[in-house]
Amino acid sequence: MRWSQFFIPTIKEVPADADVISHKLMYRAGLIRKLVSGFYTYLPMGLRVLSKIENIIRKEMNKKGALEILMPTLQPRELWETSGRWHTMGPEMMRLKNRQDRDFVLGPTHEEVITDLIAREINSYRQLPLNFYQIQTKFRDEIRPRFGVMRSREFIMKDAYSFDKDAEGAKKSYQDMVDAYQQIFQKCGCSALAVEADTGIMGGESSAEFMVPSDTGEEEMVCCEHCDYAANSEKAESHGLFDQTGDEGALEEVHTPNCTSVSDVSAFLKVQPSCLVKTLLYVHDTDKKVLVLVRGDRNIVEMKLIQYLHASDLRLADEKEIEEVFHAPVGFVGPQGIMGVRVIADMSVLGVVSGITGANKKDYHVKGLNLKRDVPSFEQAHLHQVLQGDPCPKCRKPLQIKKGIEVGHVFNLGTKYSKALGATFLDQAGQSQLAIMGCFGIGVSRTMAAIIEVNHDEQGIVWPVSVAPFEILLMPLDSDDKNMLKEAERIYTSLQEQGLQVLWDDRDERAGVKFKDAELIGIPYMIILGKKSMAKGLGELEIRRGHQKQDVPLDQIVERSRDLIGHAYRDLGFLDVPQVQGAL
């Protein structure tokens, strides 16, 4: 492709709303343009990258036996009501009515549609297992779109759905997708870490997120550098009980006037916040109350509590509800002597033998709280937020907290959707059984941004060769030099004959402009033709990553370029290099 015949609108200015590097560089390099908040047009260079990512995804999904389909974007309300998600999905779901006043949704995901299809088409165990996938535009009405295509209202997603006849088959389908995802992200040049995750609104039995470590990531992941433990912040756990200082003794009331917070009480009593036991009253599923105990210097992860309770909603109790249970104002409540309310003790307080908590009396706290003695009936759960340095639940070494970009998510759904939508089959004994499901998503457009976040320098993008819009950039520096242009034509033709994707910068521009644009758009390899080097029969071959340069005889430069590009593909895990390039 000749630059003069392509469309690459590079710019120097950074959009006012761009606050991460991928958004800035995608805009400046002419990959995207914003229509309105959360909606983007992909320009030719950006679309080539998306196509490369999609081709990698397709090849890895096909290797695992998944079959590509394409489902409707517009989905009827009835399916979502049947699954129970019409109301629980919330305002992020884009809803609309047709001219007959019938409700539809612009699909944020397709569990309902695919399960309805299976319910209609599958009737025997002989037809299973099945795994269908699609690459399609999805819609979610984000309250505040940001970070460019990383959190937008319209985005491109690969979603897959597996159906198995038994738990063993479902486990294999799940692991197949985990393995495929590892290959996909490695080959895209942004190796992702699989971390345990909460199932959230999707539901099901288990899930894992694929996170690309990045300082600009929105998510936090907890990982151990000494073993393979990794989880997101809503799922992470730590090992063992927390030590409790102090000697066991009887409960003792202490006057704590106007001390309603952990910091107030710890300062007044001259103790560490870790000596306190926070008592939190929650209300779930409209009117069910639950008392949660956690160490004074720790916070509850409410998603953990929601999952533990299997709750559909959760909130902190208001002042009136607190006084009804404890007969004391906010800030002075404790678990001792409270009857008729479910109590859950976080793992951080299980070892408490001399804790401090509210006395259930205005302006008073108690010392000497012994959890097992003073709160005889309680459940145990891991609800607190894991912090840097907490012991790993597997090897007990210190845990690390890192930021990451979520690029994929896999779920073992069980029978949640097949039961709701009637996806059954007859087993070998002729008995009706529910299909066991899994679902597996990759944010294609988000992956594109994540690749840039971990592959850039001060000058611009540094594309991995597998997803670069072109593999090599040919740059003659003097557009008036006929010999140089003739040699450029020869090299250009030879590169194409070798099956390489080449962009020829044939513009009548100053060398400085060409170099600036080349660094910005990030083509991984560049052949530079200059008068001085050509006089010696040489061309300059530059590797964009690290700006490594070497002079190469002109009659060898095509072969050397091909070899470098082949090695780069193999370093990313490709075995059959020609097949990954596609027909771009």
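Is R373 buried, partly exposed or exposed? In this predicted model, R373 counts as partly exposed because its relative accessibility is 37%. The salt-bridge partner of R373 is D374, with 2.9 Å between the closest N and O atoms. D374 has a relative accessibility of 15% and therefore counts as buried, the cut-off for buried being under 20%. Elsewhere, R77, E81, K97, D101 and D103 are joined into one network by salt bridges that share partners.

Across the whole structure, the search returned 35 salt bridges. One of them is formed by the side chains of R298 and D390, at an N to O distance of 2.8 Å. This pair connects distant parts of the chain, with the two positions 92 residues apart in numbering. R298 belongs to the loop between β15 (288–295) and α8 (302–309), and D390 to the loop between β20 (379–381) and β21 (400–414). Both R298 and D390 are buried. A further salt bridge joins R342 to E379, whose closest N and O atoms are 2.7 Å apart. Because R342 is part of strand β17 (residues 342–346) and E379 is part of strand β20, this contact ties together parts that are 37 residues apart in sequence. R342 counts as partly exposed, at 35% relative accessibility, and E379 likewise counts as partly exposed, at 26%.

Aromatic contacts were also examined, and the structure holds seven aromatic pairs. Among them, F6 and F470 adopt an edge-to-face arrangement, with a centre-to-centre distance of 5.6 Å and an angle of 80° between the planes. The two residues are 464 residues apart, F6 lying in the segment before α1 (21–28) and F470 in the loop between α12 (444–453) and β25 (472–476). F6 and F470 are both buried. A tilted pair is formed by Y492 and W504, at 5.2 Å centre to centre and with 50° between the planes. Here helix α13 (residues 482–497), which carries Y492, is linked to strand β26 (residues 502–504), which carries W504; the two residues are twelve residues apart. Y492 counts as buried because its relative accessibility is 8%, and W504 counts as buried at 4%. Ring pairs also link Y181, F185 and F210 into a cluster.

Charged side chains are placed over aromatic rings as well. The ring of F470, which pairs with F6, has the charged end of R48 over it, 4.0 Å from the ring centre. Similarly, the charged end of K187 sits over the ring of F574, at 5.1 Å from its centre.

Technical notes
Residues numbered from 1 in each chain as written. Predicted model: local features only at pLDDT ≥ 70, side-chain atom pairs only at ≥ 80, totals over all residues. Heavy atoms only, no water. Phe/Tyr/Trp six-rings, centres within 6.5 Å; stacked < 30°, edge-to-face > 60°. Helix = DSSP H or I, 4+ residues; strand = E, 2+ residues; numbered from the N terminus. Buried < 20%, exposed > 50% of the residue type's maximum accessible area, 1.4 Å probe, protein only. Lys NZ or Arg CZ within 6 Å of the ring centre and 35° of its normal. Salt bridge = Lys/Arg side-chain N within 4 Å of Asp/Glu carboxyl O.
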